[in-house]
Amino acid sequence: MTIARRMSFFFNAHNHLFEEAAKYRAARKLWAELLLERFGIRDAEARKLRFHTQTAGSMLTAQQPLNNVVRVTVQGLAAILGGTQSLHTNSFDEALGLPSQESALLALRTQQVLAHESGATDTVDPLAGSYWVESLTAELEDRARALLDEIDERGGMLQAIADGWVQEQIHEAAYRWQRDVERGERVVVGVNKFGDDRPVPPPPFQHDPEVERPPTEPCDDALRELESAARGTANLVPPILAALTAKATLGEVCDTMRAVFGVHRPGDHT
């Protein structure tokens with residue numbers, strides 16, 4: 001029960017306003033029910049689904065990038081209507097590269113307008129009772145339970161990942177999405193409909209090469225300490241923090257651990 005109270009989740013928000021809101025509503029209901037059904041947890045606080053939502057970078061387009069402001073607004077609104085406790089709104093130019101200062105500020109202002117001007121946060125579960133949303137919620141819950149049953153039949157999530165089944169589901173979903181876009185069965189404004197002949201703009205953010213970190217002895221020492229710890233049984237959090245404090249990049253930290261642990265590949269049971 002104590003662990004359940006401390007758990008939180010990270011969800012993604014896509015473009016279909018009502019389907020996304022229903023997704024979060026279904027997730028909240030499933031969490032409360034599964035904790036009771038599988039673990040006998042009756043504590044009301046533990047059965048509350050706590051989750052952060054980030055708007056979907058995969059839904060942003062390089063073509064007509066200003067359209068992404070609208071997409072991010074719809075995605076953020078869906079998350080709020082679905083009950084998220086925390087929200088990140090992407091910048092409109094992230095399909096091109098790192099966001100500019102101006103686009104990052106606009107993303108923040110988008111979130112602030114939703115929070116303080118839209119009225120969406122004035123009540124809990126504002127779409128409750130809508131036939132459309134309630135039916136979507138029920139359908140998503142049923143389909144999620146069917147997936148959970150299949151995962152159980154496959155030996156659990158760890159086994160399903162090791163067998164490559166989870167990756168296969170992700171790849172198939174991405175393929176179906178792209179196929180529908182290319183066939184014109186799914187409209188993406190500015191991409192396969194309502195387009196124009198203007199070229200894709202260049203990335204708005206250009207890093208300053210002067211701020212790149214040259215190799216330093218403290219950083220190299222910290223990465224060696226991390227590698228040594230990774231080859232043993234020690235807690236890796238302290239050496240990771242030490243490496244980051246010594247100005248190691250996230251890539252350097254990951255490369256160091258990757259050199260020790262390798263890379264997981266579907267079907268690899270070792």
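A residue counts as buried when its relative accessible area is under 20%, as exposed when that area is over 50%, and as partly exposed in between. In the predicted model described here, R186 has a relative accessible area of 33% and is therefore partly exposed. The side chain of R186 meets that of D180 in a salt bridge, with a distance of 4.0 Å from N to O. D180, by contrast, has a relative accessible area of 15% and is therefore buried, so that this ion pair joins a partly exposed arginine to a buried aspartate.

The pair formed by R186 and D180 belongs to a total of 22 salt bridges. Another member of this set is the bridge between the side chains of R5 and D43, for which the N to O distance is 2.8 Å. This pair links distant parts of the chain, since R5 lies in helix α1 (residues 2-6) whereas D43 lies in the loop between α2 (17-39) and β2 (51-55), the two residues being 38 apart. R5 is assigned to the partly exposed class because its relative accessibility is 42%, while D43, with a relative accessible area of 17%, is buried.

A salt bridge is also found within helix α5 (residues 131-153), where E141 and R145 are 4 residues apart and are therefore separated by about one helical turn. The closest N and O atoms of E141 and R145 are 3.5 Å apart. E141 is buried, its relative accessible area being 8%, and R145 counts as partly exposed at 22% relative accessibility. Both residues take part in a network of salt bridges that links K29, E33, E37, E141 and R145.

A contrasting case is provided by R71, which is placed in helix α3. R71 is buried yet has no salt bridge, and the nearest side chain of opposite charge, that of D196, is 11 Å away. A salt bridge requires a side-chain nitrogen of Lys or Arg within 4 Å of a carboxyl oxygen of Asp or Glu, and D196, at 11 Å, therefore does not pair with R71. The side chain of R71 is nevertheless joined to that of T61 by a polar contact of 3.2 Å.

Internal space was examined next. A search of the whole structure finds 1 cavity of 30 Å³ or more, and the volume of the largest cavity is about 50 Å³. Its lining is made up of V69, V72, N90, S91, F92, S103, L106, A107 and T110. Helices α3 (67-82) and α4 (101-116) each supply at least two residues of this lining, and α4 gives the most, with 4 residues. By class, the lining of the largest cavity comprises 5 nonpolar and 4 polar residues, with no charged residue among them.

The second largest pocket holds about 320 Å³ of space. This pocket is lined by 16 residues, of which I80, G83, T84, Q85 and T121 lie nearest its centre. At least two residues of the pocket lining come from strand β3 (86-88), and at least two from helix α4. Helix α4 thus recurs in the description of both spaces, as a contributor to the lining of the cavity and to that of the pocket. The lining of the second largest pocket divides into 7 nonpolar, 7 polar and 2 charged residues, whereas the lining of the largest cavity has no charged residues.

Note on methods: Residues numbered from 1 in each chain as written. Predicted model: local features only at pLDDT ≥ 70, side-chain atom pairs only at ≥ 80, totals over all residues. Heavy atoms only, no water. 1 Å grid on protein atoms, 1.4 Å probe; cavity = no way out; pocket = protein on both sides within 12 Å on 5 of 7 lines; lining within 4 Å. Points joined across faces, edges and corners; volume = space filled by probe spheres on them. Nonpolar A, V, L, I, M, F, W, Y, C, P; charged D, E, K, R; others polar. Buried < 20%, exposed > 50% of the residue type's maximum accessible area, 1.4 Å probe, protein only. Lys, Arg positive; Asp, Glu negative; His and termini not counted. Polar contact = N/O pair within 3.5 Å; in protein donor to acceptor, adjacent residues only side chain to side chain.
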